[in-house]
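The following exercises concern covalent and ionic links and the surroundings of selected residues. Each task is followed by a solution worked in steps.

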Amino acid sequence: MQLAWSLLLGLWLPCCLAQTTPSNAATRTPTRTPTRTPTRTPTRTPSSLSTPSASVQSQTAQLKVRLSGYPRKHNEGRVELFHQGEWGTICDDDFSIHNANVLCRHLGFVSATGWTHSAKYGKGQGKIWLDNVQCNGGEKSIELCKSRGWGNSDCTHDEDAGVVCKDERIPGFVDSNVIETQADENKIEEVRLRPVVAMSRRKLPITEGVVEVRHRDGWAQICDLGWTIKNTHVVCGMLGFPHERKVNKNFYKLYLERQKNHFRIHSVACSGTEVHLAACPLEFSKANATSACRGGTAAVVSCMPGPLFMQSNGMKKKTRTSSNVRLKGGARVGEGRVEVLKDNEWGTVCDDRWNLQSASVVCRELGFGSAKEALTGGRMGQGMGPIYMNEVKCLGQEKSIWNCPFKNITSEDCQHVEDAAVRCNVPHMGLEDSIRLTGGRTRYEGRVELLRSDANGTQSWGLICGETWSTKEAMVVCRQLGLGYANQGVQETWYWDSSNVTEMILSGVKCTGREMSLSQCQHHKALSCQKAAVKFAAGVICSDTTSDLVLDAPLVQQTVYIEDRPLHMLYCAAEEDCLSKSAAKANWPYGHRRLLRFSSQIHNIGRADFKPKAGRHSWVWHACHGHYHSMDIFTHYDLMSANGSHVAEGHKASFCLEDSDCHEGVSKRYECANFGDQGITVGCWDLYRHDIDCQWIDITDVRPGNYILQIVINPNQEVSESDFTNNAMKCNCKYDGHRVWLHNCHIGDAFSEEAERRFEKYPGQLNNHIP
């Protein structure tokens, strides 16, 4: 009996354990689970499906998902998961629309519209991480769905699954939809140039030296046997340089013969179009080899920096970047929405088939290195003008994107939500080493501290005087630290007082907002700060995303007209200072004022909502018009003569910032009624109709003639935007004393420099003051 009970327990106990052991236990015994019928012809039925354990659920936020393959758009592709340091695919067995919905939401899209099987977007490489995945559609991550478990699959890459997501982003989702290099960068963690000449070591960027790769806790060299100019081109590109140049091999040979080298890579065979050395065919040195580079020495390269990073002004003048390609809307140097110039007007590039090769051509053309990332889906904001290119197919060696094959665009093919963008490799300048933020709740905010050297060469940290500190200076600080856009420049930082740094060392800082570092901005030669207490030191709040306002220029041109409005109907307008100065001398309530009226439609094409700087507790109630003003001045309206002098002016407080209407699929968030929140949602616009008060310029005293109408949104730059150059709109204006005509209305940066010079003989003015 004892023997019988022992046998029964021996058979029964493991069975019970197999049913209760967590699914990620390495020693579990699989149990039979019924499977759903696949939505296409069945291939294999799994022996077991695992249910995610608590430990897996706790790691959900760390799972990375991307869409890959070719050909594809930004919202579709082969699904790849990053697990245990390696990218892999999902098998299409048992795949369903529920799985696709979970994956699309993980990527920031609202839902899926379909899925694909049989490696429609090409076969992946490496692991097939998941098989027989069965989601119910409500999971927050694909790893919370039933499956065979990580790495347990009997599929081949001929069965890689893909998804097609609805081209609508989840509101507030900030992760970029990025097309990354498919190289296995685990082989090469980091690449650098080690300068040999003492003078070169002290100058940044480092443009010449021995090529070294990170290996374990140190650095190793690459054997130069068979080294080609194509290899050099790739190395220079990934280090932020557009071109390569010849190197004095004899000098380095003498130096390297006296050095002890450790060769990690025996040979490299790049084609020249790769964006990373790890994407090239590599032959690694064997650990037991007696001589890994017999007859050769360490590879040395010399790179040519772009004009922005050249130390010699003479070289900058000789080397020019492209004048028909530009980047807009990016926070950091070398990133932004790609715009190209055609017929003297700037337009965008559609992201269909946008990849790293095409992005690299743009980057090198602009004086940067190869592309770090090719971004799709308007991830650097949306343009407003024409879309010129679609399905760009660069090989990687072209001098300009205009030399690449592409399709001309039609309105049915692409919309601005598909504008392509890039992040380029830029040289390491060490700018972030001389500045820091302290006292903030996150690394994105705090009091600004600068590292300066005294007469003795001693470095101690110091503060910046907060007087005159504004959003423009904050933009430069955030860019220098690589923290994105400036949300706000702060003049008082008593609530961030956590540092022992108390000395004020810089004052009168004045930036344009385009500088790479504060050292390039103007400032007082000698410290001059009336409020020198620590609590008045300058601070910043940075952000990964921000708004971008653009005026609808054609609408202004279409809606303009003249109205002679009786004075008795203008009391509220006079109270809000919407009439010219001569109105104060008028015989109220008799007579009239001549008004140039038009509609303004202001779009938010950025990546974050536009909100007034002041909180609702400080909004001003205007009983006459019956609403709150959240900004003192929201727009400037100016009529200027050909020499640039103002002949009439107007300004508009933010009557009420709200979402008048939105693009399809975008919901309104802001409404002024009942003391509601004010702002403009991404993808929405605020419409100020021509027939509301102050939507005009008082031209009562203006003589007939030819003028320029200028409208500037957010003129004082009180609220953060990704791009202030598109805040101004200009039109040619003809007034004959009775009628008015507008033509050539355009955003300030929409035309080429040549076309802008023809438009006006003077530089545009962004202030509102009559001299």
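**Exercise 1. A disulfide between two loops**

The torsion about the S-S bond of cysteine 465 and cysteine 529 is about 75 degrees, so this disulfide is right-handed. The model on which all these exercises rest is predicted.

*Task.* Determine which parts of the chain cysteine 465 and cysteine 529 tie together, and classify cysteine 529 as buried or exposed.

*Solution.*
1. The sulfur atoms of cysteine 465 and cysteine 529 are 2.1 Å apart, and the two residues form a disulfide.
2. Cysteine 465 is in the loop between strand S24 (459–464) and helix H9 (471–480), while cysteine 529 is in the loop between strand S26 (504–506) and strand S27 (539–543); the pair therefore ties together parts 64 residues apart in sequence.
3. Buried means under 20% relative accessible area. Cysteine 529, at 17% relative accessibility, therefore counts as buried, and cysteine 465 is likewise buried because its value is 2%.

**Exercise 2. Handedness and a free cysteine**

*Task.* State the handedness of the disulfide of cysteine 236 and cysteine 303, and identify the cysteine sulfur nearest to that of cysteine 733.

*Solution.*
1. The structure has 15 disulfides in total. One of them joins cysteine 236 to cysteine 303, with an S to S distance of 2.0 Å.
2. The torsion about this S-S bond is about -85 degrees, so the disulfide of cysteine 236 and cysteine 303 is left-handed.
3. This pair links distant parts of the chain, 67 residues apart: cysteine 236 belongs to helix H5 (residues 229–238) and cysteine 303 to strand S14 (residues 300–304). Both cysteine 236 and cysteine 303 are buried.
4. Cysteine 731 and cysteine 745 also form a disulfide, with sulfur atoms 2.0 Å apart; at 120 degrees about the S-S bond, their link is right-handed.
5. Cysteine 733 is in no disulfide, and the nearest cysteine sulfur, belonging to cysteine 731, is 8.2 Å away. Cysteine 733 is buried, with a relative accessible area of 3%.

**Exercise 3. Salt bridges across the sequence**

*Task.* For the salt bridge of aspartate 609 and arginine 669, give the distance between the closest N and O atoms and the separation of the joined parts in sequence.

*Solution.*
1. The closest N and O atoms of aspartate 609 and arginine 669 are 3.0 Å apart.
2. Aspartate 609 lies in the loop between strand S31 (600–604) and strand S32 (620–622), and arginine 669 in the loop between strand S36 (661–662) and strand S37 (684–688), so the joined parts are 60 residues apart in sequence.
3. Aspartate 609 is buried at 18% relative accessible area, whereas arginine 669 is partly exposed at 44%.
4. Elsewhere, salt bridges that share partners join Arg326, Lys328, Arg337, Glu339, Asp723 and Asp749 into one network. A search of the whole structure finds 31 salt bridges.

**Exercise 4. The surroundings of isoleucine 699**

*Task.* Locate isoleucine 699 and list the residues in contact with it, leaving aside neighbours within four places in sequence.

*Solution.*
1. Isoleucine 699 occupies the loop between strand S38 (696–698) and strand S39 (705–713).
2. With a relative accessible area of 3%, isoleucine 699 is buried.
3. Apart from neighbours within four places in sequence, isoleucine 699 is in contact with Ile562, Arg594, Leu595, Leu596, Leu639, Ala648 and Tyr735.

Notes:
Residues numbered from 1 in each chain as written. Predicted model: local features only at pLDDT ≥ 70, side-chain atom pairs only at ≥ 80, totals over all residues. Heavy atoms only, no water. Helix = DSSP H or I, 4+ residues; strand = E, 2+ residues; numbered from the N terminus. Buried < 20%, exposed > 50% of the residue type's maximum accessible area, 1.4 Å probe, protein only. Contact = heavy atoms within 4.5 Å. Disulfide = S-S within 2.5 Å. Salt bridge = Lys/Arg side-chain N within 4 Å of Asp/Glu carboxyl O.
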